[in-house]
Structure formats: structure tokens, C-alpha cells
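Trainee: I should like to go through the terms used for this model and see how each one is justified. May we begin with how accessibility is classed?

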Amino acid sequence: MPEKNNEKQNEKQNEKKNKFSIRKLIYNDKYLIIFSIFAAIVVWVAASMNLSPQTTKTVTVPVNVDFSNSAAEHLGLKCYGDETIDVDVTVSCKKYLAKDITAEDFNVTLQTNTVTTKGNLEVPIKVEAVSENADFNITGYYPTIYKGYFDVEAEKNMDIEVNYESHDFVADGYIMGEPLLSETTAVVSGPKAYVSQVKKLVASVSFDEKINTTQSIDLAVSAVDSNGSSVDYVSVSTGSDNLTLTIPVLKEKELTVTTSFTNKPETVDVSNFRISYSNEKVNAGVLEDADIKEANIGNIDFSQLKPGTNTFTFDVSNLESMVILDNISEITVTVRVPLTYEQKKISVDKSVVAVTNIPEGYEATVNTINSSNATLVGTEKNLDAEGIGVGFVVDLSAYENNITEGSSDYIMTATVENSKSCWVYGEYTANVTITKK
């Protein structure tokens with residue numbers, strides 16, 4: 001019996017130990033400190049949220065200007081102005097919320113359907129919060145309007161003019177050759193009223209120091225009015241991404257004038273020919289690296305030479321690889337063929353004409369030639385050589401882009417048979433009919 005009583009007393013003591021007591025908790029220093037800290041934090045947070053001061057914040061919102069599917073677009077009007085704008089939106093909010101407000105919290109739109117006519121117009125801007133329950137109030141924004149010019153689009157093609165800001169940019173002893181633009185024209189586009197104001201397209205060129213080598217530079221083109229002022233709202237476009245100007249820079253040299261002979265018979269010695277020029281020497285500008293020592297002004301074909309004096313005039317205003325600096329546009333060349341050479345006429349007919357390089361699927365027929373005689377030039381001995389004769393060739397490869405069915409006159413090239421010392425003087429043509437097989 002005493003043992004059972006002891007067990008009951010122990011159980012009661014354990015129950016008392018396990019039973020929760022607020023009184024014990026309050027008078028327990030450790031739990032009281034933790035509870036006090038937690039309660040203070042809750043009170044502080046609640047007080048901060050409810051008693052936080054009001055503040056203002058300005059948020060910059062980027063806006064794309066888009067008039068698609070608007071009344072302006074349906075009326076054929078296009079907007080000419082900034083393609084993007086920034087709208088500064090000012091809000092009032094609790095201070096602790098300010099840092100979380102961003103551009104994504106706003107809807108900023110242009111009232112595009114207010115545009116129904118052309119001209120300089122002001123389009124209202126509307127700003128509202130994305131959320132209906134936003135924790136801020138919009139107190140203002142700027143700008144409140146978008147300014148643009150509205151008109152139908154127009155374009156025109158114009159020549160590009162190069163403007164040299166200084167004409168003294170080439171070093172001494174050098175000259176500027178003919179400049180070459182990669183594109184000579186450009187398209188001006190924009191509002192019709194402003195495109196009509198454009199009078200010319202100008203690309204300006206300037207150099208910081210004098211140049212002595214060929215230059216290739218990229219240029220920007222400006223559209224200007226009759227006063228030389230830039231025209232607003234228009235754009236200029238060329239056929240390529242970059243407009244390039246190449247300025248050849250040529251070295252000044254004194255050159256001896258020469259010519260060349262073409263179709264010279266193999267054994268003819270031209271050292272016996274006397275050749276003179278109206279200008280024996282010229283001052284010229286040449287590419288410094290080209291190693292040009294003579295001013296070759298052109299070719300003289302042997303078919304143009306007869307015994308005695310032969311005179312030719314060459315245009316030297318546009319020679320390849322050089323520029324004549326002297327104040328001359330033509331040079332006269334005199335070729336004196338020794339009188340030991342004679343002329344002899346030989347009868348010819350269409351049977352001596354061969355047609356070569358006939359296009360596939362076609363055939364050619366020689367109808368007539370423009371002369372029944374061919375003039376041979378050579379020494380008496382060579383002209384009387386046995387078996388000498390004349391043949392003609394019509395080479396259609398020289399006319400490949402202009403060959404049509406039907407009859408046309410074609411230039412013939414003469415050949416001398418059984419002689420390397422004679423040539424045919426004059427120009428000869430054949431009438432040839434081209435037909436499909």
C-alpha cells in the first residue's frame with residue numbers, strides 16, 4: 001500500500017510540471033525578453049506603415065510613337081517627328097513604397113485619333129496606372145503633348161553635288177584628277193510640303209591637311225533649300241549603304257607625245273615613216289605609281305594610211321590614266337608614208353567576204369559590198385608579187401548585242417593574201433542578211 005501511494009504522488013507532480021502556466025512564462029526572464037523583442041518589431045512595422053510620411057517620385061517612361069491603325073494612317077498622313085519620346089511621370093506615395101515604383105507601372109499613350117488633318121499638330125498624351133488598386137497617385141507628367149508634322153509622303157530623285165570647303169587641298173607638284181562618286185543621284189523622301197522645298201543635295205568635303213595620294217572618303221548628303229539651309233523632316237537615301245567619293249591625286253610631269261600603230265603588216269618598217277605632232281610634249285598629271293613616261297594619245301590603224309601625207313586629230317581632253325594640264329583639247333598628228341610605197345586597185349566581189357561568229361540557230365548571207373575595188377598599198381615589188389589578193393571578214397561577235405533578223409550593213413576587216421608587206425587602205429562594208437535556220 002505505501003508503494004501505490006508513492007506512485008500516485010509522482011504522477012501528480014509530473015502533471016504539475018507539464019501543465020502550461022502563463023504566470024511562469026511571464027516570470028521567466030528568457031521568454032520575456034524574446035516576447036518583448038518580437039512585440040516591439042510588430043509594433044514598429046505597423047507604426048511605420050501607418051505613420052510613414054508621404055513623398056513624391058518622378059519616373060521616366062519611354063514611349064514609342066506609333067500612328068498605325070489610326071485615323072491619320074487611313075487618311076494617308078504620316079507622322080514626321082521623334083520616333084520615341086520620354087514622359088516624366090510624378091507620383092505621390094508612402095515613402096517606403098517609392099523605391100518599388102517603375103516605368104512598368106504606367107500606361108502612357110498618344111491620343112492618335114485626334115489627328116485628322118495635315119500640318120504641325122499637338123497630340124495629347126494620356127498617362128494612367130496599370131493597376132486599378134495602385135498604391136500611388138499620379139500628380140502630373142511632362143510633356144503632356146507630342147508635337148509632330150503630319151503630311152502625305154512624297155519623294156523625288158536628285159543629282160548629288162560635291163561641295164569642297166577648300167579648293168586648295170592638293171599638295172604642291174600634284175593635281176586633282178576627275179573625282180568619282182559611287183552614286184551620282186539620291187532619293188529625297190518625306191512630307192510633300194517639305195520635299196518641294198529641297199532644291200539640291202550637297203555632300204561636303206574637307207581635309208585637315210594637303211593630300212598627295214588618291215583619297216576615298218565616305219560622305220553624308222544634306223538636302224538644302226534655295227538659301228542653302230537644311231530642310232527638316234526629309235531623308236536622303238542612295239542605292240548603297242555608303243556614299244563614297246574617290247579623288248585621284250596625280251603627279252605633274254612633262255611627257256613626250258606618242259601614238260601607236262594597229263594592224264601593221266609584219267615586215268613593214270615604220271622607222272621610215274615621218275611622224276610629227278602639233279604638240280611634241282605636254283604637261284600632264286599621272287598616277288605616281290603607274291610609271292607613265294609617255295603621253296600616248298591614241299592608235300592609228302594602217303587601213304587609214306596611204307602614200308604621202310596623212311593627218312589625224314586626237315581629242316586629248318579625256319585620256320585614260322592622265323590629265324593634260326596644258327590649255328589644249330586636241331593634238332594633230334601627221335604621218336608621212338614614203339613615196340616608195342604605191343597604191344594598186346584590185347577587183348573584189350562578195351565572194352571574198354567571210355562571215356564569222358554567227359549566233360547559234362542563225363545563218364548569214366552576204367548580199368553586196370560597198371566597193372568593187374580594194375586599194376592595196378605597198379612597194380612596187382610587193383604589189384606585183386605573184387598570188388597577192390584581198391579577202392574580207394565580217395566578225396559578228398562585235399555586234400552580238402545588236403544583231404537582229406533582216407539586212408544590215410556591217411564593217412569588214414580586210415586581209416592581204418600572200419603578202420606580209422602590204423595593207424588595204426580605206427573602209428569597206430558589206431550588206432548581210434541574218435535569218436533563223
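Mentor: Certainly: buried means under 20% relative accessible area, exposed means over 50%, and partly exposed lies in between (1.4 Å probe, protein chains only). The model is predicted, so local features need pLDDT of at least 70 and side-chain atom pairs count only at pLDDT 80 or more, while totals for chains, interfaces and linings use all residues. Residues are numbered from 1 along each chain as its sequence is written, and side-chain values use heavy atoms, with hydrogens and water left out.

Trainee: Why is S321 called partly exposed?

Mentor: S321 has 39% relative accessibility, so it counts as partly exposed. S321 lies in the loop between β21 (308–315) and β22 (322–324). Those element names follow DSSP runs: helices are H or I runs of at least four residues, strands are E runs of at least two, and both are numbered from the N terminus.

Trainee: What makes the phi of S321 worth noting?

Mentor: Its phi is positive, about 75 degrees, although S321 is not a glycine. Most residues other than glycine have a negative phi. N69 likewise has a positive phi, of about 60 degrees, and is not a glycine.

Trainee: Why is N69 called exposed, and why is S70 called buried?

Mentor: The relative accessible area of N69 is 67%, so N69 is exposed. S70 has 1% relative accessibility and therefore counts as buried. N69 lies in the loop between β1 and α4, and S70 is found in the loop between β1 (54–64) and α4 (71–74). Leaving out residues up to four places away in sequence, S70 touches T112 and N113; contact here means heavy atoms within 4.5 Å.

Trainee: How do you know that the peptide bond between Y142 and P143 is cis?

Mentor: Its omega is about 0 degrees. Most peptide bonds are trans. P143 lies in the loop between β6 (136–142) and β7 (145–151).

Trainee: What makes β13 and β16 a pair?

Mentor: Two strands pair if DSSP finds at least two bridges between them. β13 and β16 have five bridges, in the antiparallel sense, so they satisfy that criterion. One of the partnerships joins I217 to L245 in β16. The open sheet has three strands in the order β10-β16-β13, with antiparallel pairing.

Trainee: Why are β10 and β13 called edge strands?

Mentor: β10 (180–181) and β13 (215–219) each have a single partner strand, so one side of each is left without a neighbour in the sheet.

Trainee: Is T244, in strand β16, buried or exposed?

Mentor: T244 has 19% relative accessibility and so counts as buried. T244 is 62 residues from S182 in sequence, yet their C-alpha atoms are 5.3 Å apart in space.

Trainee: What makes the approach of T244 to D218 a polar contact?

Mentor: A polar contact is a pair of N or O atoms within 3.5 Å; within protein, one must be able to donate a hydrogen and the other to accept it, and residues adjacent in sequence count only if both atoms are side-chain atoms. The side chains of T244 and D218 make such a contact at 3.2 Å.

Trainee: What makes a group of residues a nonpolar core?

Mentor: The members are buried Ala, Val, Leu, Ile, Met, Phe, Trp, Tyr and Cys residues joined through side-chain atoms within 4.5 Å. The largest such core has 29 residues, and those with the most contacts inside it include I160, L201 and L243. β8 gives the largest share, four residues.
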